[in-house]
Amino acid sequence: MTHSPSSSRLASLDILRGFDLFLLVFFQPVLVSVGRQADLPWLNAVLYQFDHEAWTGFRFWDLVMPLFLFMTGASMPFSFSKYVGLPDKRAVWRKIIRRFLLLFLFGMIVQGNLLGLDPQHIYFYTNTLQAIASGYLIASVLLLYASPRMQVALTLGLLLVYWLPMTFCGDFTPEGNFANRVDRILLGRFRGDPSYTWIWSSLTFGVTVMLGTFAGRIMKDGKNDRKKVVRNLFIIGLSFMVAAILWSFQMPVIKRIWSGSMTLLSGGYCFLLMAVFYYWIDYKGHSKGLGWLKIYGMNSITAYLLGEVVNFRSVAASVSYGLEPYLGNYYGAWLTFANYLILFFILRMMYKSQVFLKI
């Protein structure tokens, strides 16, 4: 826990991260709750994009988790710059391992049923925070020990290592893919939803975080020519999307196994979003009306944990039960809205007090 944010990062980093968390712990659950009651054809088409693709394909909601990983990487060139040249890296490794373990623990709390205290239903590796932990660990090694060019080569190597057994030791079906087989063998009954894969997919989690570090380095090194930064982010983003579409003819875009083509496609979208936010906020200097997103972005782990673990609906219900006869079927939507509104006010209070959870 700290009482002051980092002053070295760009505003667009925290605002884009905040946008991602706002979608996750406010906009999407409230929209879905209202949409289920409204049953409007046009709204149903919107709601389709706010759910995950069943297997092959990509919807808007499939971008939220990759963007979370990408933004983790985008901050790393700023936070790691003081450690890269140190001959003794034991201090930074203590921080890295601490963060890795805490993220893994928090992931087990969110989706691993750890708080259920039932060993028969505890899941070890099954959550976004744990994917961030794995990707962060991989990216940390590359940033600390490899040159920028070697980082690019090793990131491509991670994609190659992932691709080989996925292509030649299985297929791309939910049951037949190689990553599923690895999870089945190594996690056994400690795995969660079998349609998602984690251990082998950690390689591509690492690639997504590394793509974020590349974007972060472009912004960090290009502070004297921000127009060029915007252009480079756009060009790289579009290039990744083209490469992903071409690759998808051989390896389909499948978010649940974090396929190589999905990694590049989501990475391309992340680069484009980063370019838009950087252009508008850091290049043009227009942050009016967007600063409130820092409430989520600068306490992203807190927002995610509270949004996923703590249910404030009972608080809302206890002070607004008289509304039920007036709202009818929309009363549940009101409770969902109030739940995340309470979370927003908690985060806002922390932001105003300059209290930020750092792990």
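In which helix is the place of Thr155? The points below take up that residue first and then move through the rest of the predicted model.

1. Thr155. This residue has its place in helix H6, which covers residues 148-168. Thr155 counts as buried because its relative accessibility is 4%, under the 20% limit. Not counting residues up to four places away in sequence, Thr155 touches Leu142, Val207, Met210 and Phe214. One of these partners, Met210, is 55 residues away along the chain, yet the C-alpha atoms of Thr155 and Met210 are separated by 7.0 Å.

2. Thr263. A second threonine to look at is Thr263, placed in helix H10, residues 260-283. Its relative accessibility is 0%, so Thr263 counts as buried. Neighbours within four places in sequence aside, the contacts of Thr263 are Thr204, Val207, Thr208, Leu211 and Trp258. Val207 appears in this list, and Val207 is also among the residues that Thr155 touches.

3. Trp258. This contact of Thr263 lies in the loop between helix H9 (226-247) and H10. Trp258 has a phi near 50 degrees, which is a positive value in a residue other than glycine. Although Trp258 is in a loop, the residue counts as buried because its relative accessibility is 2%.

4. Leu117. Here too phi is positive in a residue other than glycine, with a value near 55 degrees. Leu117 sits in the loop between helix H4 (90-110) and H5. With a relative accessible area of 72%, Leu117 is exposed, whereas Trp258 is buried. A reviewer may wish to look at both loops.

5. Leu238. This leucine is placed in helix H9. Leu238 counts as partly exposed because its relative accessibility of 48% falls between the limits of 20% and 50%. Leu238 and Tyr269 are 31 residues apart in sequence, and their C-alpha atoms are 8.0 Å apart in space.

6. H3 against H5. Helix H3 (residues 64-80) and helix H5 (residues 128-145) have axes that come within 10 Å and cross at roughly 35 degrees. The crossing in which H3 passes H5 is right-handed. On the H3 side the contact involves Met65, Phe68, Leu69, Thr72, Met76 and Phe80, and these meet Thr128, Ala131, Ile132, Tyr136, Ala139, Ser140, Leu143 and Leu144 in H5. Sorted by class, the residues of this contact are eleven nonpolar, three polar and no charged.

7. H13 against H15. The axes of helix H13 (residues 313-320) and helix H15 (residues 331-352) are 8 Å apart, and the two helices pack at an angle of about 120 degrees. H13 passes H15 in a crossing that is right-handed. From H13, the contact takes in Arg313, Val315, Ala316, Ala317 and Ser320; from H15 it takes in Tyr331, Gly332, Trp334, Leu335, Thr336, Ala338, Asn339 and Ile342. By class there are eight nonpolar, four polar and one charged residues in the contact of H13 with H15. The contact of H3 with H5, by comparison, has no charged residues.

8. The nonpolar core. The largest nonpolar core has 106 residues, and the members that touch the most others are Phe70, Leu129, Met166, Leu233, Phe271 and Tyr296. The helix that gives the most to this core is H1 (residues 11-38), with twelve residues.

9. Tyr296. This core member is in contact with Gly18, Leu21, Phe22, Val25, Phe26, Ala303, Phe344 and Leu347, leaving aside its neighbours within four places in sequence.

10. The chain as a whole. The protein chain has 15 helices and zero strands. A compact globule of 359 residues would have a radius of gyration near 21 Å, and the chain agrees because its own value is 21 Å. Along the principal axes, the C-alpha atoms fill a box of roughly 65 × 50 × 40 Å. Buried residues make up 52% of the 359 residues. Of the contacts with a separation of 6 or more, 73% are between residues 24 or more positions apart.

Note on methods: Residues numbered from 1 in each chain as written. Predicted model: local features only at pLDDT ≥ 70, side-chain atom pairs only at ≥ 80, totals over all residues. Heavy atoms only, no water. Axes fitted to C-alpha atoms, helices over the stretch in contact; angles between N-to-C directions. Helix = DSSP H or I, 4+ residues; strand = E, 2+ residues; numbered from the N terminus. Left-handed = near helix turned anticlockwise from the far one by under 90°. Contact = heavy atoms within 4.5 Å. Nonpolar A, V, L, I, M, F, W, Y, C, P; charged D, E, K, R; others polar. Core = buried A, V, L, I, M, F, W, Y, C linked by side-chain atoms within 4.5 Å. Buried < 20%, exposed > 50% of the residue type's maximum accessible area, 1.4 Å probe, protein only. Rg over C-alpha atoms; globule rule 2.2 N^0.38 Å.
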